[in-house]
Amino acid sequence: MADLFEEEERVSAADFPLARRMTPRDLSEFVGQEHLLGKGKILRRAIESDRIRSLILCGPPGSGKTALARIVARRTKSAFETLNAVTSGVKELRDLISAAKQRKRAAGKRTIVFIDEIHRFNRAQQDALLPDVEMGSITLIGATTQNPFFSIVAPLLSRSQIFELEPLTEEQVGTILRRAVGDKQRGFPDAEVDLTPEALDHLARYANGDARVALNGLEIAVLTTPPDKRGKIMITREVAEESIQKKAVVYDGTGDDHYDTASAFIKSLRGSDPDSALYWLAKMLDAGEDPRFIARRIAIAAAEDVGNADPQALVVANAAWQVCEFIGMPEAQIPLAQATVYVATAPKSNASYIALGKARKEVQEEGTVPVPRHLKDANYPGSKRLERGKGYLYPHNHEGGIVEQFYGVEQGRYYSPTGRGYEAEIAKRLEEIRESIRKNKPETP
């Protein structure tokens with residue numbers, strides 16, 4: 001099977017987009033990921049010594065996963081093959097592995113297989129890799145933008161090292177942009193480009209850690225801007241804004257970004273920080289998250305984290321949910337913002353949720369309490385013969401609507417109201433109920 005990287009080398013560099021032309025050729029040109037590639041770090045040592053073992057590179061788009069694979073391809077003495085999980089199937093995979101085995105038998109040469117977007121392989125395709133990774137017939141390098149512990153089968157993970165790449169900082173993206181402008185061989189050999197600091201800052205910021213987005217924006221700016229009288233192409237902030245008009249939001253609606261952002265949103269609500277909660281809400285909305293998913297999260301937080309400290313929070317959350325169902329986006333963002341701020345700023349109590357957890361634990365781990373006879377259903381023929389409901393005291397027939405009566409477990413066993421918000425009133429009411437029962441308790445003869 002032809003090596004894609006080798007095929008690319010035979011094509012004129014001018015035919016490639018800027019992002020491809022500026023791919024680092026070795027580790028000295030690689031920007032970022034110091035935690036993996038800094039001096040003495042394990043991945044750098046493995047690449048430099050050509051002792052790569054099967055590994056998974058995970059991280060956001062434009063962080064350098066494919067660039068690292070290209071560096072390995074140039075440095076290694078092993079054969080280097082590539083597959084893209086989007087366009088390749090089991091047949092291509094088996095052909096590649098068969099060729100790798102033949103190569104190893106005939107020349108003793110190992111094969112490194114780079115699979116881009118490996119999370120796109122289904123379980124059967126991933127399982128097909130296991131025997132040959134286990135036996136060392138191939139060395140796997142997989143690249144994925146998703147959490148590998150969710151998207152890659154456990155047996156393959158156990159045979160691979162996991163390296164997580166981080167989004168590039170604005171400073172790192174700026175370094176890459178300056179290098180592209182200054183590299184007369186791979187950057188813009190036929191143009192004199194003047195990138196103003198303001199334009200560079202805009203491109204770096206709006207790339208949101210994705211070097212490819214920044215370089216694409218720069219390339220569009222250069223290609224669509226005519227030179228001035230001096231023959232220079234001036235890339236001003238205005239030009240940069242036109243070339244990259246919307247900030248790239250790193251967000252996978254089904255993967256890590258989806259769950260991590262939702263987690264940050266919920267924890268901001270719980271932590272009574274409306275500004276952070278609104279930020280994560282804005283990110284989800286801007287990335288196209290289903291507003292109903294967000295509304296459900298708000299409703300859960302209203303019940304779990306606000307609880308009876310402010311019972312109105314659940315009413316507001318439920319109303320926002322229903323309005324989202326009725327009107328959809330973009331107007332749905334208005335009630336979502338209102339509910340977000342209300343829940344975030346409401347007093348907090350998870351006492352009801354904790355109490356339920358205690359009760360469920362006893363139900364699951366201990367013998368269940370039988371329903372007392374006086375509480376059993378007495379609304380069917382023959383119930384009196386079985387003495388169902390016998391001895392039940394109807395509270396409304398007693399002073400204050402309260403009467404001493406056993407309801408299955410002793411009061412106060414699970415629920416302990418806090419003194420926050422309305423729950424302080426609930427605590428006061430419970431104490432009044434217990435005091436009333438004590439006062440009206442009939443004396444033992």
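1. Let's start with a term you'll need: a cavity is a set of grid points where a 1.4 Å probe fits but cannot get out. In this predicted model, the largest cavity holds about 50 Å³ of space. How many cavities of 30 Å³ or more does the structure hold? Just one. If you wonder how anyone finds such gaps, rolling a probe the size of a water molecule over the atoms shows where empty space is left.

2. Now look at the walls of that cavity. The residues lining the largest cavity are L43, I47, I52, L55, L57, L68, A69, V72 and I141. Three elements each give two or more residues to this lining: α4 (42-48), β1 (55-58) and α5 (65-75). Which element gives the largest share? That would be α5, with three residues. Sort the lining by class and you get nine nonpolar residues, no polar ones and no charged ones.

3. Next, a pocket. The second largest pocket has a volume of about 330 Å³. It is lined by 14 residues, and those closest to its centre are Q405, F406, Y407, Q411 and I437. Its lining is a mix of classes: eight residues are nonpolar, three are polar and three are charged. Set that beside the largest cavity, where the lining has no polar and no charged residues.

4. On to charges. Side chains of opposite charge can pair when their charged atoms come close. How many salt bridges does the structure have? The count comes to 21. The next few points pick out some of them.

5. Find K101 and D132 in your viewer. Their side chains meet in a salt bridge, with 3.1 Å from N to O. This pair links distant parts of the chain: K101 sits in helix α6 (residues 90-107), D132 belongs to helix α7 (residues 123-135), and the two are 31 residues apart. Are the partners buried or exposed? D132 has a relative accessible area of 8%, so it counts as buried, since the cut-off for buried is under 20%. K101, at 35% relative accessibility, is partly exposed.

6. Stay with helix α7 for another pair. D127 and R123 both lie in this helix, four residues apart, which is about one turn of the helix. Their side chains form a salt bridge at 3.9 Å, N to O. R123 has 55% relative accessibility and therefore counts as exposed, because exposed means over 50%. D127, at 30%, counts as partly exposed.

7. One more pair, then a network. R292 and D290 form a salt bridge, and their closest N and O atoms are 3.1 Å apart. Both partners are partly exposed: R292 has a relative accessible area of 36%, while D290 has 27%. Elsewhere, R25, E29, D183 and R186 are joined into one network by salt bridges that share partners.

8. Last, the cysteines. A disulfide is a covalent bond between the sulfur atoms of two cysteines. How many disulfides does the structure hold? Zero. Two cysteines are still worth a look for where they sit. C58 has a relative accessible area of 7%, so it is buried. C324 is at 4% relative accessibility, so C324 counts as buried too.

Note on methods: Residues numbered from 1 in each chain as written. Predicted model: local features only at pLDDT ≥ 70, side-chain atom pairs only at ≥ 80, totals over all residues. Heavy atoms only, no water. Disulfide = S-S within 2.5 Å. Buried < 20%, exposed > 50% of the residue type's maximum accessible area, 1.4 Å probe, protein only. 1 Å grid on protein atoms, 1.4 Å probe; cavity = no way out; pocket = protein on both sides within 12 Å on 5 of 7 lines; lining within 4 Å. Points joined across faces, edges and corners; volume = space filled by probe spheres on them. Nonpolar A, V, L, I, M, F, W, Y, C, P; charged D, E, K, R; others polar. Salt bridge = Lys/Arg side-chain N within 4 Å of Asp/Glu carboxyl O.
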